[in-house]
Amino acid sequence: MKQTLVLKQTFLLAAISALLSACGGGGGGSDGNSANAGQNNSTIALANQCAAPRPGTVDRQGSADTEKAYLKAFVNDTYLWYQDVPANINPASYATPQAYFDVLKTPKLTASGKPVDQFHWSQTTASWQAQSQGIAQDYGIQWAAQASAPPRNWIVAEVAAGSPADKAGIKRGDRLLAVDGVDFVNDATSSGVAKINEALFPSVLAAHQLTFSGKTAISLTPATYSVATVSKVKVIPTLTGNVGYFVFDQHIAQSETELLNAISQLKAQSVTDLVIDLRYNGGGLLYVASELAYMIAGPGPTSAKVFEQLTYNDKLTYLNKQYPFYNTAVNGTSLPNLGLNKVTLLVSQGTASASESLINALRGVDVTVNLIGNTTRGKPYGFVPQDNCGYTYFAIQFKGVNQKGFGDYPDGFAATCAVADDFTRQRGDTTESMLSAALSYRQTGVCPSNVARAMPAALTDFTLVRPLSKEMRLLSPSVAR
């Protein structure tokens with residue numbers, strides 16, 4: 001039998017598992033309780049009773065057992081499928097509260113054989129706060145993996161502007177060959193995998209050597225930098241009018257201003273159509289998706305309509321609500337809008353959660369949404385993040401449907417025009433396969449046959465390597481939306 005190893009994404013601020021193997025197969029809130037909605041008094045009484053209370057916080061002296069008892073009660077109160085959690089799980093069998101929380105979920109499968117709940121996790125509150133504020137502490141590389149078992153094949157899908165990787169000259173399309181002297185492609189030893197894991201997702205601040213195709217070894221040290229969620233905003237002139245384009249990679253609080261500025265810029269340049277690059281957008285704050293939908297379509301189709309009807313478990317029916325298309329920002333600023341009756345989105349398996357809510361909500365009010373790329377992730381569920389004792393927990397609490405009552409897409413939305421991600425060109429390049437196909441499809445209504453041009457087999461059928469915290473649809477406990 002082949003030995004199977006698992007590489008861990010530790011990052012510098014959190015410990016999050018990644019589905020990678022060495023052999024065989026390939027592949028917020030704030031400190032304290034800020035979101036107690038749906039929790040009964042006995043559950044709230046268990047909150048903040050910690051094995052290691054943090055000075056200067058609401059923490060009180062407790063134990064690992066009280067933390068586990070709180071998590072069991074929290075899941076029983078608020079989890080969408082609380083009835084399906086096995087009753088015979090022994091908390092004493094799990095070394096940490098986080099390991100115990102990992103198993104407090106439904107074991108059921110979808111009709112296609114996938115777990116019903118693929119999105120149940122926890123991370124340190126510090127890491128969640130940093131991510132929510134657009135702060136990263138890493139190399140700045142978004143990896144795309146075709147194979148995570150030997151022979152491995154990882155490609156750089158995107159490099160964050162201003163990150164260590166960007167400053168070192170690493171580019172989209174670079175293929176990883178070696179890590180700290182270990183053959184990344186072929187090494188299947190436990191020691192080799194351990195070195196690869198520590199270098200790619202370091203647990204301490206230290207330099208590591210990464211070697212890419214066509215490059216000598218590059219020394220990289222993780223660093224803290226700010227991440228823009230909207231980029232490459234531009235107008236593409238065509239024979240049938242100006243087409244707006246921008247990349248949108250994550251729905252977080254700062255995205256509100258970034259999207260407002262992007263739409264204002266495109267509106268001032270009289271765009272008649274819009275292409276949004278969502279291929280790596282795993283979602284985030286639902287109100288940001290709602291605002292973007294309004295800015296695309298305007299008041300006509302969205303007026304007095306539901307962006308998403310949210311439904312909780314049968315204990316929490318009082319929380320069910322109609323989530324609107326917001327036409328003002330959180331600070332009361334009126335949002336610009338393009339008044340479009342159709343939009344084109346570049347999508348992939350990396351397009352998830354709040355990004356899928358955008359698709360579903362617009363289709364629910366009869367805005368034509370053309371999807372260019374690949375089938376999306378499939379996540380019609382959401383969370384209210386819950387903090388306790390220095391960790392933030394994510395248990396699915398609600399599902400959503402659009403104005404027409406549709407929300408059943410656990411296997412994702414199929415592409416209108418199927419096109420492989422083109423790592424040989426930068427995003428925003430009009431000759432890049434997905435954008436080229438989008439521009440052609442908007443004119444002809446036919447998926448062009450020439451966009452699937454000959455690309456190396458190593459550049460197709462990738463999945464993104466990222467933590468579950470980058471695939472979210474959530475309500476913010478700190479914003480009344």
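This is a short talk on one helix pair and one sheet in the structure above. Keep in mind that the model is predicted.

Helices first. Take α8, residues 286-297, and α10, residues 354-364. Their axes come within 9 Å. The crossing angle is roughly 40°. Angles under 35 degrees would count as roughly parallel, and 65 to 115 as roughly perpendicular. So α8 and α10 are oblique to each other. The crossing is right-handed.

Which residues of α8 and α10 make the contact? From α8, we have Leu286, Ala289, Leu292, Ala293, Ile296 and Ala297. From α10, the contact residues are Ala354, Ser357, Leu358 and Leu362. What is the split by character, nonpolar, polar and charged? Nine are nonpolar, one is polar, and no charged residue takes part in this contact of α8 with α10.

Now the sheet. It is open, and four strands form it. The order is β10-β9-β11-β12, with antiparallel pairing. As background, strands of a sheet pair through backbone hydrogen bonds. Which strands sit at the edges? They are β10, 182-183, and β12, 218-220. Each of these two pairs on one side only.

Look at β10 with its partner β9, residues 176-179. The two pair in the antiparallel sense over two bridges. One detail to find on screen: Val179 has Val182 in β10 as its bridge partner.

A helix packs on this sheet as well. That is α6, residues 190-200. Helix α6 touches β9, β10 and β11, the last being 208-212. The direction of α6 makes about 105° with that of β9.

That's my tour. Questions, please.

Notes:
Residues are numbered from 1 along each chain as its sequence is written. This is a predicted model: local features need pLDDT of at least 70, side-chain atom pairs count only at pLDDT 80 or more; totals for chains, interfaces and linings use all residues. Side-chain values use heavy atoms; hydrogens and water are left out. Axes are lines fitted to C-alpha atoms, for helices over the stretch in contact, and angles run from 0 to 180 degrees between N-to-C directions. Angles under 35 degrees count as roughly parallel, over 145 as roughly antiparallel, 65 to 115 as roughly perpendicular and the rest as oblique. A crossing is left-handed if the near helix is turned anticlockwise from the far one by less than a right angle, and right-handed if clockwise. Contact means heavy atoms within 4.5 Å. Ala, Val, Leu, Ile, Met, Phe, Trp, Tyr, Cys and Pro count as nonpolar, Asp, Glu, Lys and Arg as charged, and the others, Gly among them, as polar. Two strands pair if DSSP finds at least two bridges between them.
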